[in-house]
Amino acid sequence: MPNLQYSSNIQRIATLATGLALALVTNAFGVEPPVDLAGQWAFRLDPTDVGVAERWHARHLPDKIHLPGSLQEQGFGNDVSIDTSWTGQVVDRSWFTDPRYEPYRRTGHVKVPFWLQPDKHYVGVAWYQRSVTPPSDWFGRRIMLYLERPHWETRVWVDDHEIGTCNSLGAAHQFDLTQFLVPGARKTNRHRITIRIDNRIRIAVGLNAHSVTDHTQSNWNGITGRLELRCTDRVWIGDLQVFPHPETASITVRGRIDNRTGGAGSGKLTISATCIGKPDRYQPEAIEVPVAWSVGGKRFEAEFPLGEQRALWNEFTPVLYSLTVRLDGRDRECRFHDSRTTTFGLRELGIDGTQFTINGRKVFFRGTLECCIFPLTGYPPTDVGSWKRIIRVCKQYGLNHIRFHSWCPPEAAFTAADQLGFYYQVECGAWTRIGNGEPIDSWLYDEGRRIRAAYGNHPSFVLMAYGNEPGGPERGAKFLRKWCTYWKKEDPRCLHTSAGGWPLITESDYHNTPKPRIQQWGAGLRSLINAKQPETRFDYRDFVHAHATKPTISHEIGQWCVYPNFKEIPKYRGLLKARNFEIFRDFLNDNHMGDQADQFVMASGKLQTLCYKAEIEAALRTPGFGGFQLLDLHDFPGQGTALVGVVDPFWDPKPYVSSQEYRRFCGVTVPLARMDKRTWTRSETLIADVEIAHYGPAPLQGSTVYWKLVDANGRTRAEGDFTRRDIPVGSNHAAGRVALTLDRLDAPASYRLVVGIQETTIENDWSLWVYPNTVGTDPPNDVLIVSKLDSAAEKKLQQGGKVLLLANTQAVNSDVAIGFSSVFWNTAWTRGQAPHTLGILCNPNHPVFAEFPTEYHTNWQWWELVHGSAAMILDNLPPQLRPAVQPIDTWFKSRRLGLLFEANVSGGRLMVCSMDLATDLPHRIVARQLRHSLLDYMHSEAFEPATRVKPRAIRALFRSAATPAAH
């Protein structure tokens, strides 16, 4: 960009050349304390974008606003309406047309179901203005305007002079104001700074990119973080990057001396480092490096030894160094002094076959996404404390890694991760089409450079991608081959991949792909978890072998939903409100199930946790796997409302699983058991091959792995241990085989296989069930089994008899797709992808389950029963009727569903079941057991249904043409 020319009177008191500075820095800038510009600013909205033409920068703006902050959170903008122009794709358009949503489309009462709703919404231009007087001792020096986190495009004027524009989403905006700011205390030295901010999509990063979208942070307008005037000498250190070398206990220091004097000069650089928080023996000696610069400045490079007592950085020992480079020099007329300080960690990321290493030790990335979800403000925090809290929560749940999906966090996030020992995958703020020669292509390179310059020294910054799931030629591969090649050469401090999701290209350092996970987008009931009988042996070794040249991190695993917790609604005290939850609560109340809301949360949450356990353990079982990234540890409030977290959007725990429970299967060291199945008979032998996945700081020396079988009352029924041995760092370390005959165990009964390591708290467990070898399934004399409510059944009921209606699942009048797993992502954003339910709710103390051990929620033994079943829609039955087995419907529908219910029909006692309890019972031991328990209950005096239902209401549950089922 060409330099602006100085006027003759300014030339005598300022520098000789200036311009817009877009180089974005990481740490302390210069040696003078900055001038804080936080506080009240003049302000004006410009919805029709006339401000430039009308020269608003030369006027006094009429309104007042506080910065840092956003205009929306301070009450500026528009009320949400049916015509609001959202930044984000709405896949499910039913809100605009469905009569059920009509009350929520009324003016003054608008509530949207697809994301959190801001109190005010505004997309467009806003102007911010305030007067400043630089300190007198800044006379003749370089003055910069520093805006830490504007959103989005900034355009700056000083008095009547336009300075320039910046459109970074991930790094600070900086402007050189030297030419037009005259320091001093006189009234004539008071200047007006005007900032025009435009949060429209100026570069096509994608409406759903989390850097800009209403799906998550909101498309806000304003500036957050630090707002400062900064001062340096006219020769200064403009960039400082540190490249660590742990093997040689040294670093390469690279930087740039920038010059605005118009002449050449020379001097020295003094480089010093301090190991933060360590004894004196860790403190290396300073070095001096001669340096000379030309009119255009000078790049410099120096090798700096840290000494033999170097301290390494990783997740277990997050030791940091502080590096200071001081410039002392002069030209023909003046002396110049400047210093620049940054922190770094002595760490090197590498690849060993298909796994990652840090400082030569294998590391397994156990990650979650962070999608810029901050409901109170609508924008990310810029203080270190807030980010430390997030990281500590992640660590409590066994994670060591965050992927920032299509956005880059602020400086404070990196500082927190550096100090606590945590790893980041950072992205350039895009989820879009690339490679077509549009402005987004060049912007991504510019943004990548800004991000690397600002945050590249942080040891927590270990992985980098363009963004998320690209489109464009070859689904982004055409562009991303060059992208990866460029960045691998430009900055080897971290590893680079094409994008979150795809494409798989040879130029990437690692793959970040959704292929190794148990539920693919669009798989529905054909997925691994829904179509294959439960077992714990499967893994993704075939994928790893097929891509054996580099590591793989599985992309967005999980996405398992839980029912909305309406008790969270009062927590939304800031800009964004949970109006979506209010709608879903209304739907539940309207269908007479409001009293079950808490039960739905708990039951669906238990299934959600079970699904995540299966997902994570499969990754840990896979030989040579690199890691996983959850979607998500916390809820994703957008894209139709995706309640996929075991913690809420505020990073607070949910009631159904603790962090201690979660760490049993997601942590530094995790015992694993490979079993062929979950359900057994007493005549069989339980076989479990035990392994340990261990990614601690060092091998576990002399460890004894034990196992025990525990019953539902917590009593140990069998136990043993394996040969004492060392456990290296890595996965698939065999501990031994459990081979346990089951003939002495009680049946039917539930058990847990527990595996742990002696003298530690490390333990994991797996639920399993043991059933009798044989069990009676013939109906007692007083029970009639039918496949439809025919005349014989009605006659039996009219006589006060007992009828079991075992419905053919094809005859059930329902469009509800039921599977074993919970809802994947959500039914709105996936256009109704199966399954539509979030597990079952039942009362384990109901006598119908007297011979069928179960909890109140889905567990693995229910797979055989739920698989192939059909959910009956009971909305037209009396409101007080509660099914014995109740599938939990998607919150977008909140239908009252049933797989098993009882009713008083025509004076008789009717049990209706839409699970298959008739076919292949010799091999379906779970179905056989439930049938036995059900018939025992119906034969007993306890079978006295209270709710009266008319026969026609029962018949309405089924289609007229039904194929009879076997009895």
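In this predicted model, K577 is a buried residue, its relative accessible area being 15%. That value falls under the 20% limit, so the lysine counts as buried. Its charged side chain has a partner: K577 and D119 form a salt bridge in which the closest N and O atoms are 2.7 Å apart. The two residues come from distant parts of the chain, 458 residues apart. K577 belongs to strand β31 (residues 576–577), while D119 sits in the loop between β6 (117–118) and β7 (125–132). Is D119 buried or exposed? It falls in between: with 36% relative accessibility, D119 is classed as partly exposed.

This pair is one of 60 salt bridges in the structure. Another joins E684 to K677, with 2.5 Å between the closest N and O atoms. Here E684 is partly exposed, with a relative accessible area of 24%, and K677 is partly exposed too, at 26% relative accessibility. A further salt bridge connects D889 with R895, whose closest N and O atoms are 2.7 Å apart; both D889 and R895 are buried. Salt bridges can also link up into a network, as they do for D49, E153, R196, D198, R200 and R202.

From charged pairs, the description now turns to nonpolar residues. In soluble globular proteins, nonpolar side chains tend to be buried together. The largest nonpolar core of this model contains 175 residues. Which residues have the most contacts inside this core? They are V205, W387, Y424, L444, W483, Y662 and W862. Among the elements, helix α9 gives the most to the core, namely 13 residues. L444 offers a view of the packing at one position: beyond its neighbours within four places in sequence, L444 is in contact with C428, A430, I434, Y466, F479 and W483. Another core, of 30 residues, lies apart from the largest one and includes L67, Y122, V158 and I195.

The protein also encloses empty space. How many cavities of 30 Å³ or more does a search of the whole structure find? There are eight, and the largest of them holds about 180 Å³ of space. Its lining is made up of 17 residues, and those closest to the centre are P534, E535, F538, A614 and W860. Two elements, α6 (528–531) and α9 (597–621), each give two or more residues to this lining. The largest share comes from α9, with five residues, so the helix that gives the most to the largest nonpolar core appears again at this cavity. By class, the lining has nine nonpolar, two polar and six charged residues.

The second largest cavity has a volume of about 100 Å³. It is lined by 17 residues, with R149, L169, S211, Q217 and W407 closest to the centre. Strands β8 (142–151) and β26 (423–430), together with helix α4 (439–455), each give two or more residues to the lining. This lining divides into nine nonpolar, five polar and three charged residues.

Open pockets complete the picture. The largest pocket has a volume of about 870 Å³. Of the 38 residues that line this pocket, which lie nearest its centre? R752, D765, S767, E855 and N859 do. Helix α9 contributes here as well: along with β37 (705–711), β41 (749–757) and β42 (763–771), it supplies at least two residues of the lining. By class, the lining of the largest pocket holds 17 nonpolar, eight polar and 13 charged residues.

The second largest pocket contains about 660 Å³ of space. Its lining is formed by 36 residues, and W431, N468, E469, W502 and W829 are the closest to the centre. Sorted by class, the lining of this second pocket comprises 14 nonpolar, 15 polar and seven charged residues.

How values were computed
Residues are numbered from 1 along each chain as its sequence is written. This is a predicted model: local features need pLDDT of at least 70, side-chain atom pairs count only at pLDDT 80 or more; totals for chains, interfaces and linings use all residues. Side-chain values use heavy atoms; hydrogens and water are left out. On a 1 Å grid over the protein atoms alone, a cavity is a set of points where a 1.4 Å probe fits but cannot get out, and a pocket is an open set with protein on both sides within 12 Å along at least five of seven lines; lining residues have an atom within 4 Å of a point. Grid points are joined across faces, edges and corners, and a volume is the space filled by probe spheres set on the points. Helices (H or I, at least four residues) and strands (E, at least two) are DSSP runs, numbered from the N terminus. Ala, Val, Leu, Ile, Met, Phe, Trp, Tyr, Cys and Pro count as nonpolar, Asp, Glu, Lys and Arg as charged, and the others, Gly among them, as polar. A nonpolar core is a set of buried Ala, Val, Leu, Ile, Met, Phe, Trp, Tyr and Cys residues joined through side-chain atoms within 4.5 Å. Buried means under 20% relative accessible area, exposed over 50%, partly exposed in between (1.4 Å probe, protein chains only). Contact means heavy atoms within 4.5 Å. A salt bridge is a side-chain nitrogen of Lys or Arg within 4 Å of a carboxyl oxygen of Asp or Glu.
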